Amino acid sequence: MVTFVEAGLLPWVLAVALAILILGLLDKRRGGKSRRLPPGSNGWPFLGETIAYLKPHVATSMGDFMEQHISRFGKIYRSNLFGEPTIVSADAEFNRYILQNEGRLFECSYPKSIPDILGRWSMLALVGDMHRDMRAIAVNFMSSARLRSQFLREMEAHTLIVLSSWEDGHTFSAHEEAKRFTFNLMAKQILSIEPGRDETEMLKREYFTFMKGVISAPINLPGTAYRRALKSRTNILRVLEREMEKRTEKAKGETRTTGVEADDDEDLLTWVMRQTNLPTEQILDLILSLLFAGHETSSIAISLAIYFLQGCPRAMKQLREEHLQVHRLKKQGTDLQLSWEDYKRMEFTHCVINETLRLGNVVSFLHRKALRDVRFKGFDIPSGWKVLPVFTAAHLDPSIYDNPQQFNPWRWLQAEEQQVGEGRSNGVKMMVNLMAFGGGPRLCAGMELAKLEMAIFLHHMVLNFQWEPFEQDHPLAFPFIEFPKGLPIRVHKLPATTVDWNP
């Protein structure tokens, strides 16, 4: 018989037992004050319902656990998850309320493995003023001006590097290719590391091992994903520290030679070192968390777009026509490189992106904690309880989106029209409930960067290739989205569009 220790569940058992004891003491101190908790279930003694909640399911659905609990208890219900008493929200209005009251009524509160692996100064783990300051650094670096110039140019170059390796009739993992594109792009922007170099490939291998431990149980035993991720984190930080030392020596040399500092046209690491007074530990955690955020979500979003488009020929046709029109306009001039104006012309592309993010649910839920007792829709949310706003439930809510299980990019054209005409409330409702990038003070700093990556990659892919699935594969939520087989596709080259393949 397998014991709790052998199954690696002892830390969870102890955490749940401690939580139950503390809550019992708090209830006594309150003198048995009555409160109206949402209906729900605590699940198994000690273990709660975490295992069932995290059971892999098709990413375009809420999963059996959520569907059964919503059917039984309603859109706001009580559970015991991740070793803590929890309020789960499948209510779109409550989700927005949680995000908008960040820092006042609710606070970011992720499991222990997140800050341990990403770092205690990671933006994902920070709260309050420190999060605001670190987020401001990321927002400033990914400013609109920088997106228009440096990021756009580099995105196109890295897209062409990946697509130029695709041969007619070949099969490969679309998800691996998307990861190659986004990792190489972020490694170049953050560290000025070029694709294909030994150091880049080593960093990539360590990073992918590191990623597997981000969502693992914090069990620091030999052979566990958590232990391997901590080791990879150490190796990655060693590379980052060497890069910091190089930049420090370079800056000293430039100052000695010219008497002034170098021009401010650097990668993120150099920019942060010059523009802030952050200590080394904070810089390292910031860089690592931005590499994580800039690579992981963008690569899965691109993969999801490829997956949905191959199943919707009508959308593929309209998308290709839009990008052919953009390309024709470029050929009339002397500069074939995409511009910000070209990106803004991609109206249907933005609809495809929105629909991919809605139906694919790249981020299905967030971890929050109630900072004080909160009352919402007649329910009491006790201070200190975990609160999980589940975006998937709103994205698949038929009262918000017609036929929510259907990939329908045209709904977003209608939403834009409805915001200025009749049915305005329907258009606004669709827009405000698209929470793929969160919301409130913690709105994803890389939102526009991710959308731009998707648009540029899709532009060149649909102009130069058509594709079909080589094996059936579907995105699963683990809770992060994964394609179990890597989304294998076969590509076929289209007639030349005279795109420059030598970026």
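What follows is a short walk through the fold, two sheets, one loop residue, the cysteines and one pocket of a predicted model.

Local features were kept only at pLDDT of at least 70 and side-chain atom pairs only at pLDDT 80 or more, while totals for chains, interfaces and linings use all residues. Residues are numbered from 1 along each chain as its sequence is written, and side-chain values rest on heavy atoms, with hydrogens and water left out.

Overall, the protein chain comes to 19 helices and 13 strands (DSSP runs numbered from the N terminus, helices being H or I of at least four residues and strands E of at least two). Of its 503 residues, 52% are buried, where buried means under 20% relative accessible area, exposed means over 50%, and partly exposed is in between (1.4 Å probe, protein chains only). Among contacts (heavy atoms within 4.5 Å) with a separation of 6 or more, 72% join residues 24 or more positions apart.

One open sheet holds three strands in the order β5-β13-β10, with antiparallel pairing; two strands count as paired if DSSP finds at least two bridges between them. Its edges are β5 (171-173) and β10 (465-469), each of which pairs on one side only. On average, neighbouring strands here are turned by 40° against each other, direction ignored (axes are lines fitted to C-alpha atoms, for helices over the stretch in contact, and angles run from 0 to 180 degrees between N-to-C directions). Three bridges tie β5 to β13 (residues 488-493) in the antiparallel sense, and Phe-172 has Ile-489 of β13 as its bridge partner. Two helices go with this sheet. Helix α8 (residues 174-191) lies across β5 and β13, at about 60° to β5. Helix α19 (residues 447-464) packs on the sheet too, touching β10 and β13, with its direction at about 90° to that of β10.

Another open sheet of three strands runs β1-β11-β12, again with antiparallel pairing. Here β1 (57-58) and β12 (481-482) each have a single partner strand, so one side of each is left without a neighbour in the sheet. β1 and β11 (residues 476-477) pair over two bridges, and His-57 is matched with Ala-477 in β11.

Now for the loop residue. Lys-75 sits in the loop between α3 (63-73) and β2 (76-81) and is partly exposed, at 36% relative accessibility. Leaving aside residues up to four places away in sequence, Lys-75 touches Ile-70, Val-88, Ser-89, Ala-90, Asp-91 and Asp-397. The C-alpha atoms of Lys-75 and Val-390 are 9.9 Å apart, although 315 residues separate the two along the chain.

As for the cysteines, a search of the whole structure turns up zero disulfides, taken as pairs of cysteine sulfur atoms within 2.5 Å. Cys-108 is buried, with a relative accessible area of 7%, and Cys-312 also counts as buried, at 12%.

That leaves the second largest pocket, which contains about 450 Å³ of space. A pocket is an open set of points on a 1 Å grid over the protein atoms alone, where a 1.4 Å probe fits, with protein on both sides within 12 Å along at least five of seven lines; lining residues have an atom within 4 Å of a point. Grid points are joined across faces, edges and corners, and the volume is the space filled by probe spheres set on them. The lining has 24 residues, of which Asn-354, Met-431, Leu-434, Met-447 and Lys-451 are the closest to the centre. At least two lining residues come from each of α4 (92-100), α15 (347-360), α17 (410-418), α18 (424-432) and α19, and α15 gives the most, with six.
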